[in-house]
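This report follows the fold from its helix to its sheet, and from there to its nonpolar and aromatic packing. The sequence and the structure come first.

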Amino acid sequence: MTKRVLHLADAMAAAVLGAAARAHPAECCGLIEGMEVADGWRVTAIHETANLAEEPARHFLIDPQAQFDLMRGLRGSGRAIIGCFHSHPGGLPQPSPTDRASAFEADFLWLIAGGSPGGGLMLRAYVFAEDTGFSPIVLKGED
């Protein structure tokens, strides 16, 4: 089976990495707007949100009002919330046990920025399925 691809414009990848750098040492977070395409998904916008977690250095909690407002704004557009992004300050760009405990929506994308502004930040993409957990997907940069 061919791996599915997340098509992410370089400017949008830079927006996620910029959010991670600005939030460091706390976690950044936000929503990914996009659509399904033949080989996976295409990101059409990145929406940074406030991290409302009680311990933002260790967890993230996307503002539910921001999510609701975005869902309402996307009605009838052909686009949807296809995933979320967050950072692991000083950590690896891979799902943590906390991420797994928080994940519940099948085919929901998780974009994770790991590292630090001084040491470099890396971005990785995953898709979640209840039976298999997180699976890495190809992250394809585009102009």
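In this predicted model, the buried residues of helix 1 are Met-12, Ala-13, Val-16, Gly-18, Ala-19 and Ala-20. They pack against five strands, namely strand 1 (5-9), strand 3, strand 4, strand 5 (108-116) and strand 6 (120-129). Helix 1 itself covers residues 10-23, and because 14 residues at 1.5 Å a residue should span 20 Å, the separation of 20 Å between its end C-alpha atoms agrees with the expected value.

The strands that receive this helix belong to a barrel, which raises the matter of strand order. In what order do the seven strands close into the barrel? The order is 1-3-2-4-5-6-7, and the pairing around the barrel is mixed. Neighbouring strands of this sheet are turned against each other by 35° on average, with direction ignored. In general, the strands of a sheet pair through backbone hydrogen bonds, in either the parallel or the antiparallel sense.

Strand 2 offers a detailed view of this pairing. Strand 2 (residues 29-37) pairs with strand 3 (residues 40-49) in the antiparallel sense over nine bridges, and the two strands form a hairpin with two residues between them. Within this pairing, Gly-34 has Val-43 of strand 3 as its bridge partner. Strand 2 is also joined to strand 4 (residues 80-89), again running antiparallel, through six bridges; here the bridge partner of Glu-33 is Ile-81, while Ile-32 stands opposite Gly-83.

Turning to the nonpolar packing, the largest nonpolar core has 22 residues, and those with the most contacts inside it are Leu-6, Leu-8, Val-43, Ile-46, Phe-85 and Leu-111. Strand 1, helix 1, strand 3, strand 4, strand 5 and strand 6 each supply at least two residues of this core, and helix 1 gives the most, with five residues. A second, separate core has 15 residues, among them Phe-60, Ile-81, Cys-84 and Ile-112. Val-43, the bridge partner of Gly-34, is thus one of the residues with the most contacts inside the largest core, whereas Ile-81, the bridge partner of Glu-33, is included in the second core.

Phe-85 illustrates the surroundings of a residue in the largest core. Leaving aside its neighbours within four places in sequence, Phe-85 is in contact with Val-16, Ala-19, Cys-28, Cys-29, Gly-30, Leu-31, Ile-32, Ile-46, His-47, Glu-48 and Leu-111. Of these partners, Val-16 and Ala-19 are among the buried residues of helix 1.

The aromatic residues form a further group. The count of aromatic pairs comes to three, and ring pairs link Phe-60, Trp-110, Phe-128 and Phe-134 into a cluster. Two of the pairs are set out below.

| Pair | Centre to centre | Angle between planes | Geometry |
|---|---|---|---|
| Phe-60 and Trp-110 | 6.0 Å | 80° | edge-to-face |
| Trp-110 and Phe-134 | 5.1 Å | 80° | edge-to-face |

The pair of Phe-60 and Trp-110 links distant parts of the chain, since Phe-60 lies in the loop between strand 3 and helix 2 (64-74) and Trp-110 in strand 5, 50 residues apart. Because Trp-110 lies in strand 5 and Phe-134 in strand 7 (residues 133-142), their pair ties together parts that are 24 residues apart in sequence. Phe-60 counts as buried at 18% relative accessibility, Trp-110 is buried with a relative accessible area of 6%, and Phe-134 is buried as well.

Is Phe-104 buried or exposed? Phe-104, in the loop between helix 3 (97-102) and strand 5, has a relative accessibility of 66% and therefore counts as exposed, the cut-off being over 50%. Leaving aside its neighbours within four places in sequence, Phe-104 is in contact with Phe-128 and Glu-130, and Phe-128 is one of the residues in the aromatic cluster. The C-alpha atoms of Phe-104 and Ser-87, which are 17 residues apart along the chain, are separated by 19 Å.

His-7, by contrast, lies in strand 1 and counts as buried at 5% relative accessibility. Apart from neighbours within four places in sequence, His-7 is in contact with Val-37, Asp-39, Trp-41, Arg-42, Val-43, Lys-140 and Glu-142.

How values were computed: Residues numbered from 1 in each chain as written. Predicted model: local features only at pLDDT ≥ 70, side-chain atom pairs only at ≥ 80, totals over all residues. Heavy atoms only, no water. Pairing = 2+ DSSP bridges. Helix = DSSP H or I, 4+ residues; strand = E, 2+ residues; numbered from the N terminus. Expected span 1.5 Å × (residues − 1). Buried < 20%, exposed > 50% of the residue type's maximum accessible area, 1.4 Å probe, protein only. Contact = heavy atoms within 4.5 Å. Axes fitted to C-alpha atoms, helices over the stretch in contact; angles between N-to-C directions. Phe/Tyr/Trp six-rings, centres within 6.5 Å; stacked < 30°, edge-to-face > 60°. Core = buried A, V, L, I, M, F, W, Y, C linked by side-chain atoms within 4.5 Å.
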